[in-house]
Amino acid sequence: MTRIKDIATAYLPAEGLQALIDTLRQHHDRVLGPRVREQAIRYETISSVADLPRGVKDEHEGGRYRLHQGEEATFFGFVVGPDSLKSIVYPPRLTLWSMKRSGHEGTIEDQDEPVGSTAILGVRPCELAALAVQDKVFLGHGFEDPHYRQRRERLFLVAVECLQPGAHCFCDSMGTGPGVNGGASWDLALTELVGDGRHGFLVRAGSDAGREMMAKLPLEQAGDGLEKARETALAAAAKSMGRTLDTDGLKKTLYDHVDHPHWEKVADRCLACANCTMVCPTCFCSNTMEETALDGSSAARTRVWDSCFNLDFTYIHGGHVRRSVKSRYRQWMTHKLASWQDQFGVIGCVGCGRCITWCPVGIDITREAAVLQGKPTKTSGRTTS
Amino acid sequence: MAAKRTRKPKLAVWKFASCDGCQLSLLDCEDELLAVTGQVDIAYFPEASREYIRGPYDLSLVEGSITTPHDAERIHKIRRQSKVLVTIGACATAGGIQALRNFGDVKEFTRLVYPSPQFIETLKKSTAIADHVFVDFELRGCPISKEQLVEVINAYLHGRKPAVPTHSVCVECKRRGTACVMVASGIPCMGPVTQAGCGALCPAYNRGCYGCFGPMETPNTPAASGAFSRLGMNEDGIIRTYRSFNAYAEAFRRESERHEPTNH
Ligand code: SF4
Ligand code: SF4
Ligand code: SF4
Ligand code: SF4
């Protein structure tokens with residue numbers, strides 16, 4: 001995955017989107033894109049533009065998500081749903097290996113099947129940022145996770161910039177969006193532009209593979225006007241973020257406020273249900289479980305997503321370390337915003353807002369952080385305290 | 001670790017006040033059941049066979065709750081004959097749906113239901129087995145999950161701790177990739193306060209969790225009830241939500257009582 005500068009910019013009229021999907025399908029084993037399933041926009045297999053939630057709008061608030069059909073002709077007029085790339089590169093449940101016994105000997109067999117190449121259409125900037133964070137977790141530090149690596153290496157990423165952020169979004173505060181800017185390397189980036197009697201995408205290539213793909217698309221010359229339109233739209237998007245998080249001195253704030261009374265207040269509302277960590281695109285914790293055959297002739301090791309909200313997460317000899325919900329919520333937020341920086345050199349939050357929307361009681365990381373920072377909270381969120 | 005066995009352990013299955021659904025889960029194991037019978041001698045299991053081998057038993061599975069003075073005696077005898085005693089299902093671990101009587105007057109019920117109530121000998125309350133004798137492991141669920149049941153037997157055979165998580169249903173819901181019904185559809189769901197085990201079956205069919213596996217490890221029921229009422233559930237609805245299969249499990253009982261009109 002070599003990182004190269006933008007090497008091409010062109011215009012893809014909206015009618016050409018099907019050609020992009022077709023080309024992706026020709027070159028990859030599966031193509032995923034945004035699609036409505038179970039009242040939410042997910043990453044699903046797509047084969048045609050008809051699969052895309054065209055004109056669908058998503059409404060986000062703390063603990064509330066609704067979709068409705070809007071009037072617009074846009075293909076990507078929504079933001080991230082509950083899924084993230086995490087479940088693709090780091091599956092929620094994966095049998096790693098199995099072992100067979102014969103007498104006192106054991107033979108180990110790798111159980112992780114080789115994966116095919118996956119093209120993903122509609123990857124948002126915060127998703128790319130989260131992937132870059134996950135790369136540090138799973139591939140950095142001199143310890144490589146082979147299961148992650150084999151999935152990660154076979155991704156072809158078609159990013160889509162966010163021009164209509166949600167009420168839960170704060171990527172602008174985190175420097176991860178709304179435009180594609182930094183983050184994990186991507187192959188193509190699209191900006192959906194509507195107006196002046198046209199509808200189409202400004203397309204840029206971010207890799208050799210992306211440039212090769214561009215050569216196969218029905219592209220047109222992109223004039224200066226389009227680049228300007230993109231910049232204006234992104235600047236407007238950055239201003240319409242539903243939430244903000246002040247990252248200035250954040251690490252110190254969290255470390256200095258281990259005993260802040262606010263933790264107790266959050267704990268009164270927190271269900272310790274772990275939804276926030278499950279939907280978070282950067283949370284990486286897992287548990288491994290041994291499954292034995294009844295007759296003891298074989299065993300298999302399975303890795304499942306775990307969470308610091310689960311009591312057993314800190315079970316060691318003598319008992320559980322984080323018994324109170326207060327200590328578990330504090331762990332989550334302190335890890336995301338502070339100790340992650342010491343561990344991986346980056347902040348663990350990319351501002352996607354999933355933990356806010358998908359928390360059944362709407363606990364809001366931006367709001368709770370603002371309280372610790374002694375700031376008046378000015379989020380548009382429905383409060384639940 | 002279990003010492004090398006010279007004989008197969010003896011398994012017994014006992015029934016108290018219950019619907020037999022949990023025992024049926026064992027019969028429903030089919031393939032696994034054959035593997036189980038390869039590893040244990042089924043010494044007593046009236047639902048499945050007429051065979052009866054005298055105790056003591058290595059592993060007793062107990063289904064059902066204690067509702068009569070006779071049963072309250074019988075469970076002590078079973079405990080004395082069992083090296084390891086595992087209770088299975090909501091009746092055995094929390095008193096079951098029949099524990100709804102605990103919130104009312106059982107005498108009145110019997111008068112209404114039976115033509116000759118004087119012949120009915122019953123306790124005031126339906127209670128969990130662990131309220132009467134020491135229980136080695138409680139397997140939750142209404143009914144139990146057959147995978148978890150096989151896992152408990154498996155763990156017993158290999159002398160290890162059963163991999164039966166006590167966290168919320170939400171964890172399973174997210175792992176299977178279901179969109180949260182509370183958040184995406186506004187349907188009240190017991191998942192956040194309920195122990196995992198079913199694999200988040202109901203949310204996968206766009207229904208809220210009914211709480212079949214009883215309270216999770218650290219249930220914040222007041223916070224969950226707050227969310228239910230914001231979704232439009234009234235106090236009566238909240239009481240009924242907590243009062244089902246696990247109505248008398250401590251956390252659910254306390255929460256339902258907190259919403260009774262007299263306790264406001
Ligand atoms: S902490 Fe919340 S907002 Fe930040 S990356 Fe995770 S889910 Fe997104
Ligand atoms: S916040 Fe919790 S679940 Fe997420 S990575 Fe940190 S310890 Fe793991
Ligand atoms: S913050 Fe919300 S989603 Fe996270 S554990 Fe608490 S209640 Fe669940
Ligand atoms: S649907 Fe229910 S079980 Fe699933 S995440 Fe939502 S609250 Fe939890």
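This is a short tour of a predicted model, with suggestions for what to select at each stop.

Before you start, note that residues are numbered from 1 along each chain as its sequence is written, while chains are lettered from A and ligands numbered from 1 in the order in which they are written. Because the model is predicted, local features need pLDDT of at least 70 and side-chain atom pairs count only at pLDDT 80 or more, whereas totals for chains, interfaces and linings use all residues; side-chain values use heavy atoms, with hydrogens and water left out.

**Stop 1: ligand 4**

Select ligand 4 and its surroundings, counting a residue as near if one of its heavy atoms lies within 4 Å. You should find Asn275(A) together with residues of chain B, including Cys170(B), Cys173(B), Cys180(B) and Cys189(B). Since chains A and B both contribute residues, the site is shared between them. Now colour the helices and strands (DSSP runs numbered from the N terminus; H or I of at least four residues for helices, E of at least two for strands). Helices H7 (169-175) and H8 (181-185) of chain B each supply at least two residues of this shell, and the largest share, four residues, comes from H7(B). By class, the shell has nine nonpolar, two polar and one charged residue. Here Ala, Val, Leu, Ile, Met, Phe, Trp, Tyr, Cys and Pro count as nonpolar, Asp, Glu, Lys and Arg as charged, and the others, Gly among them, as polar.

**Stop 2: ligand 3**

Move on to ligand 3, which has 13 residues around it. The closest are Cys270(A), Leu271(A), Cys273(A), Cys276(A) and Cys359(A). This shell holds 12 nonpolar residues, one polar and no charged ones.

**Stop 3: salt bridges in chain A**

Side chains of opposite charge can pair when their charged atoms come close. A salt bridge here is a side-chain nitrogen of Lys or Arg within 4 Å of a carboxyl oxygen of Asp or Glu, and the structure holds 38 of them over all chains.

Select Arg243(A) and Glu61(A), whose side chains meet at 3.8 Å, N to O. Arg243(A) sits in the loop between helices H7 (224-239) and H8 (250-256) of chain A and Glu61(A) in strand S4 (residues 56-61) of chain A, so the pair ties together parts 182 residues apart in sequence. Both are buried, meaning under 20% relative accessible area (exposed is over 50%, partly exposed in between; 1.4 Å probe, protein chains only).

Next, pick Glu368(A) and Arg269(A), with their closest N and O atoms 3.5 Å apart. This pair joins helix H13 (residues 365-372) of chain A, home of Glu368(A), to helix H9 (residues 262-269) of chain A, home of Arg269(A), so it ties together parts 99 residues apart in sequence. Glu368(A) is buried at 1% relative accessible area, and Arg269(A) is buried at 12%.

For a network of salt bridges, select Arg37(A), Glu38(A), Arg42(A), Glu44(A) and Asp83(A).

**Stop 4: two arginines of chain B**

Arg160(B) forms a salt bridge with Glu151(B) at 2.7 Å. Arg160(B) is partly exposed at 25% relative accessibility, whereas Glu151(B) is buried at 13%.

Then find Arg79(B) in helix H3 (residues 69-81) of chain B, buried with a relative accessible area of 16%. The Arg79(B) side chain reaches the backbone oxygen of Ser82(B) at 3.0 Å, and one of its polar atoms lies 2.6 Å from the backbone oxygen of Phe134(B).

How values were computed. Polar contact = N/O pair within 3.5 Å; in protein donor to acceptor, adjacent residues only side chain to side chain.
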